[in-house]
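Here is a walk through one protein model, taking in its sheets, a pair of packed helices and the empty spaces between them. Have the chain open on screen and follow along.

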Amino acid sequence: MATDARPGSLPSPSPAGRRVPELDPALVGQWQAGGGDLVDLFAQACDRLGGVAAIRLGPRPTVLVTGPEAVRHVLALHPDRYVKRSHRARLLIGDGVLAATGEAWQRQRRLLQSQFTGRGMRRYEQRITEAARTAAARWAAYARTGEVLDVGEEMRRFALDTIWRSLTGHPLDAGTENELAAVSAVVAVLPGLPADGAAAHGAVAAELARIDAVASRAIAAARDIGPGPDGPGLLHVLLDAAGTRPEYTDRLIRDELVTLLVAGHETTATTLTWLYLLLEENPEAREQALAAGPEGSSERRQAVQALVHETLRLYPSAWILPRSATEDDVLAGYAIGADTDVLVCPYLTHRDPELWDDPERFDPARFTIPGRRPAHPGSYLPFGIGPRACLGLQFALRESTVLLEHLLPAHTPRFRSTPTGAAYGITVRPDGPTPAVLDG
């Protein structure tokens, strides 16, 4: 494909593809002067230009992708042409599977993939259930005493307990929980850290040291003492791999451990927090889910899962998926040059009125009534699609559903105050605390 010789420009039109329409730089300037969220600028580009749009945020334009066919082209059909160059969280997760690329990523993903499907998932069923029972017991105590709790913190505590049990075979103890608060602290500030690597590391050095210490103790215990009371966990899978695969050094095992901690609790906790905030505004959705069938029935489970899916539609775990074009390509009829930055945005795809009826409305029936949601695979991708889709999709859905099956029938949080908006970082988080008391 012919490309324009000017630096920092989009490819010129050619018989193979048209130039990507670009958002008016004046609108970008207005957005920069106003200090709004990046998603607001992206929404303007999507509304004005459609599912493939260029935005000049620096010396060269970035291409925003929200149309379902273009999304599928980038993530599922041609992942070799659109690759991850690096990961914002590399400072925290190092060379873990989320940040790895090329053959290293393929090896690491193959090792972990079996743990999150079929027989591998069955190993963790009891651990998920025990973590949910522990959370339910805490909530029952809060309800008896009338104590104010923070729903977001409770969801984070449950999700962290679940992944810790799955990693180590041990329930989460208070000391480890306190130390691992550093994980959430680093995740929260990552988007605003300096571009310089040394400066960024220095800004969170104390937190990283706490995380490294927890990881080191867990690795040593798994190696020297063996599995916990729940049996071997994901950490033991990594240690077993080290016996035959020299690339699994203690550093890579640490990176995979921290990656699984981050991916295994931040996204789930955020999703469950949003779900409870949405139920505060839509209490009938809770009643409809509980009325779908008796406790333990497949009908109720499907209805509870629909609550989770609809929450993930509005607040997807990965709201933005950055890629870089490795070669010239034609995307939805548009010319994409090699080295173009491409941003797939599930958040906006999920709110496209051409795909979703009344997209801003919380409506779990989209996921229970046939024909209510778009059929195109690029229309709903809260965990991504294609070979780099999140490994833990089934794990996250399972733990969320099990917890809600324990909590929804027994308790209704009454929020003392609610966040006024969202914070767009690694995930889309509520931008404030979520204090509540429990009915029931």
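Let's begin with strands S3 and S5, which pair in the antiparallel sense over 2 bridges. Within that pairing, Val83 has Ser324 in S5 as its bridge partner. Keep in mind that this is a predicted model.

**The five-stranded sheet**

S3 and S5 belong to an open sheet of 5 strands, ordered S1-S2-S8-S5-S3, with mixed pairing. Its edges are strand S1 (52-56) and strand S3 (82-83), each of which pairs on one side only. Moving inward from S3, S5 is joined to S8 by 4 bridges, and these two run antiparallel. Here Arg323 stands opposite Val342 in S8. On the other side of the order, strand S2 (residues 61-65) is also joined to S8 by 4 bridges, but this time the strands run parallel. Thr62 stands opposite Asp341 in S8. As a general reminder, strands of a sheet pair through backbone hydrogen bonds, either parallel or antiparallel.

What lies across this sheet? Helix H3 (residues 68-77) lies across S1, S2, S3, S5 and S8. H3 runs at about 115 degrees to S8.

**The three-stranded sheet**

There is also an open sheet of 3 strands, in the order S4-S12-S9, and here the pairing is antiparallel. S4 and strand S9 (412-415) are the edge strands, each pairing on one side only. Between S4 and strand S12 (residues 435-439) there are 2 bridges in the antiparallel sense. One position to look at is Leu149, whose bridge partner in S12 is Ala436.

**Two helices that cross**

Now over to helix H13 (residues 250-281) and helix H15 (residues 298-314). Their axes come within 9 Å and cross at roughly 100 degrees. Angles of 65 to 115 degrees count as roughly perpendicular, so that is how H13 sits relative to H15.

Which residues of H13 and H15 meet? From H13 come Thr271, Trp274, Leu275, Leu278 and Leu279, and from H15 come Leu307, Val308, Thr311, Leu312 and Leu314. By class, this contact has 8 nonpolar residues, 2 polar and no charged.

**A cavity that shares these helices**

The structure holds 3 cavities of 30 Å³ or more. The second largest has a volume of about 50 Å³. Its lining is made up of Thr267, Thr268, Thr271, Val308, Leu312, Ser317, Phe383, Ala396, Leu397 and Ser400. Thr271, Val308 and Leu312 are already familiar, as they also take part in the contact of H13 with H15. H13, H15 and helix H17 (393-407) each supply at least two residues of this lining. The lining divides into 5 nonpolar and 5 polar residues, with no charged ones.

**The pockets**

The largest pocket holds about 840 Å³ of space. It is lined by 29 residues, and those closest to its centre are Ser86, Arg88, Ile320, Pro322 and Leu343. Which elements give two or more residues to this lining? They are helix H2 (38-49), helix H4 (90-93), strand S5 (321-325) and strand S8 (341-344). S5 and S8 bring us back to the five-stranded sheet, where they sit side by side in the order.

The second largest pocket has a volume of about 450 Å³. Of its 25 lining residues, Asp150, Gly152, Glu153, Arg156 and Ser184 are the closest to the centre. At least two lining residues each come from strand S4 (149-150), helix H7 (151-168), helix H9 (181-189), H13 and strand S11 (428-430). Which of them gives the most? That is H7, with 6 residues. S4 links this pocket to the three-stranded sheet, where it is an edge strand, while H13 is the helix that crosses H15.

Here is how the linings break down by class:

| Space | Nonpolar | Polar | Charged |
|---|---|---|---|
| Largest pocket | 18 residues | 5 residues | 6 residues |
| Second largest pocket | 10 residues | 7 residues | 8 residues |
| Second largest cavity | 5 residues | 5 residues | no charged residues |

**Pulling it together**

H13 is worth a second look on screen: it meets H15, supplies at least two residues to the lining of the second largest cavity, and does likewise for the second largest pocket. S8 is another one to revisit, joined to S2 by 4 parallel bridges and to S5 by 4 antiparallel bridges, with H3 running at about 115 degrees to it.

Notes
Residues numbered from 1 in each chain as written. Predicted model: local features only at pLDDT ≥ 70, side-chain atom pairs only at ≥ 80, totals over all residues. Heavy atoms only, no water. Axes fitted to C-alpha atoms, helices over the stretch in contact; angles between N-to-C directions. Parallel < 35°, antiparallel > 145°, perpendicular 65-115°, else oblique. Contact = heavy atoms within 4.5 Å. Nonpolar A, V, L, I, M, F, W, Y, C, P; charged D, E, K, R; others polar. 1 Å grid on protein atoms, 1.4 Å probe; cavity = no way out; pocket = protein on both sides within 12 Å on 5 of 7 lines; lining within 4 Å. Points joined across faces, edges and corners; volume = space filled by probe spheres on them. Pairing = 2+ DSSP bridges.
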